[in-house]
Amino acid sequence: MALFDWGTYNGLTKLESASLTGMRLTEIPPAEFSRRYYTEDHFRQYRELASKYFYIVTAHAPYYSLVNHDAYTHERVKRAMVQSAKKARIAGAKIFNMHLGAKVRGVPYDYEPVVDVVKAILAEVPDIYVSLETTYTERFLGSLDEIREIIEMIGDERVIPSAQLENDFMRETKAFLHGNLAEADKLADVDFWLRILHKLKKMTNTFVSLRFSQIIAFRLRGFIMKKRTPLGMGYPSLEPLAEALALFLTRDLYYAGADMEAHLIYTGPWQNKYRDTVKLYCEVMTRATQYIK
């Protein structure tokens, strides 16, 4: 038993290296599904090796927008996502995570293509969970409220939210409007994070899916964009988030008797990902020890 499963994204050739750090989780990166020369045998190899080292395998879908109202584009994306989910399941993934994409017609019209794609995956890959990832700006589909409404439309417990926590930070503080992350960071105290985590908890009965990387913001063509940074070189501050996660995972999940599995995936730059994944785990677990009875 563990309080939560933790890890980062790894291609097939990096699984053994990742396992040496003690990670319990590995995520199949999106590039694995975009390479056409990766046959089903590649994903069988992934499953065979990952099963030796990791408790859970997740998968990140290719970066295709699910919000397409053009019928031809929509059908192509739907086929690609279904095929990717099938490969993910061959590789042993329990959860298939997806970005939703930029808004086109607006809410609630943009829900329709997303619901159609997710239902197609659930129909053809019945033993996988689909997680819908939160976004950092109102220009994209993926606030927690929007994801909740999509989940309610689908009506299947295999569809869960996935909180990309730095995205929730930018969206909920409105930092996507101005890009002043230092100012926004003043709002991101322990209570701020607990409100987000409690909202997330109400939206799932199975997995509490958490992702994190620190970021900086920059302006491009009039829009505020984000860029991921090594841990300790961006925002939001790690300390209040780690404290909130420690409280949430112990008091509000484990000791509250919630029948859920939690996992924390580090999504930062690949150059330092193993060091930073271990550091993130230690920051959370060091604080959690004071709440473990």
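**Entry 1: Phe 4 and its ring partners**

I started with Phe 4, which counts as buried because its relative accessibility is 3%, under the 20% cut-off. A reminder to myself: this is a predicted model.

Next I looked up Tyr 281, and at 23% relative accessibility that residue counts as partly exposed. I then counted ring pairs over the whole model and got 10 aromatic pairs. Phe 4 and Tyr 281 make one of them, with 5.6 Å centre to centre and 50 degrees between the planes, so I put the pair down as tilted. Where do the two rings of this pair sit along the chain? I found Phe 4 in the segment before β1 (5-9) and Tyr 281 in helix α12 (residues 273-288). The two are 277 residues apart, and the pair links distant parts of the chain.

I also followed the ring pairs outward from there. Phe 4, Trp 6 and Tyr 281 are linked by them into a cluster.

**Entry 2: Phe 192 with Trp 193**

I went on to another aromatic pair, Phe 192 with Trp 193. Their centres are 5.1 Å apart and their planes are at 80 degrees, which I noted as edge-to-face. Are these two buried or exposed? Phe 192 is buried, and Trp 193 is buried too.

**Entry 3: α7 against α10**

Both of those residues turned up again when I checked helix packing. I was after two values here, since a pair of packed helices is described by the angle between the axes and the distance between them.

For helix α7 (residues 165-172) and helix α10 (residues 190-201), I read an angle of about 110 degrees and axes 11 Å apart. That angle falls within 65 to 115 degrees, so α7 is roughly perpendicular to α10. I noted the crossing of α7 and α10 as right-handed.

Which residues make the contact? On the α7 side I listed Leu 165, Asp 168, Phe 169 and Glu 172. On the α10 side I listed Phe 192, Trp 193, Ile 196 and Leu 197. Sorted by class, the contact of α7 with α10 has six nonpolar residues, two charged ones and no polar ones.

**Entry 4: α11 against α12**

I came back to α12, the helix that holds Tyr 281, and looked at its packing with helix α11 (residues 238-254). The two axes come within 8 Å and cross at roughly 55 degrees. That angle is in neither the parallel, the antiparallel nor the perpendicular range, and α11 and α12 are therefore oblique to each other. The crossing of α11 and α12 is right-handed.

From α11 I wrote down Leu 238, Glu 239, Ala 242, Glu 243, Leu 245, Ala 246, Leu 249 and Thr 250. These meet Leu 280, Glu 283, Val 284, Arg 287 and Ala 288 in α12. How does the contact of α11 with α12 divide by class? I got eight nonpolar, one polar and four charged residues.

**Entry 5: around His 60**

His 60 was next on my list, and I found it in strand β3 (residues 56-60). With a relative accessible area of 5%, His 60 is buried.

What does His 60 touch, leaving aside neighbours within four places in sequence? My list reads Glu 27, Ile 28, Pro 29, Pro 30, Phe 33, Asn 97, His 99, Glu 133 and Arg 211. I also took one C-alpha distance: His 60 and Ile 151 are 91 residues apart along the chain, and their C-alpha atoms are separated by 19 Å.

**Entry 6: backbone oddities**

Last, I checked the backbone for exceptions, as most peptide bonds are trans and most residues other than glycine have a negative phi.

I noted a cis peptide bond from Val 107 to Pro 108, with omega near 5 degrees. Pro 108 is in the loop between β4 (95-98) and α5 (111-124). I noted another cis bond from Tyr 235 to Pro 236, with omega near -5 degrees. Pro 236 sits in the loop between β9 (223-228) and α11.

On phi, I wrote down Lys 174, which is not a glycine yet has a positive value of about 65 degrees. Lys 174 is in the loop between α7 and α8 (175-178), and at 39% relative accessible area it is partly exposed. Arg 221, also not a glycine, has a positive phi of about 50 degrees. I located Arg 221 in the loop between β8 (215-220) and β9. Is Arg 221 buried or exposed? Its relative accessible area is 76%, so I entered Arg 221 as exposed.

Notes: Residues numbered from 1 in each chain as written. Predicted model: local features only at pLDDT ≥ 70, side-chain atom pairs only at ≥ 80, totals over all residues. Heavy atoms only, no water. Axes fitted to C-alpha atoms, helices over the stretch in contact; angles between N-to-C directions. Helix = DSSP H or I, 4+ residues; strand = E, 2+ residues; numbered from the N terminus. Parallel < 35°, antiparallel > 145°, perpendicular 65-115°, else oblique. Left-handed = near helix turned anticlockwise from the far one by under 90°. Contact = heavy atoms within 4.5 Å. Nonpolar A, V, L, I, M, F, W, Y, C, P; charged D, E, K, R; others polar. Phe/Tyr/Trp six-rings, centres within 6.5 Å; stacked < 30°, edge-to-face > 60°. Buried < 20%, exposed > 50% of the residue type's maximum accessible area, 1.4 Å probe, protein only.
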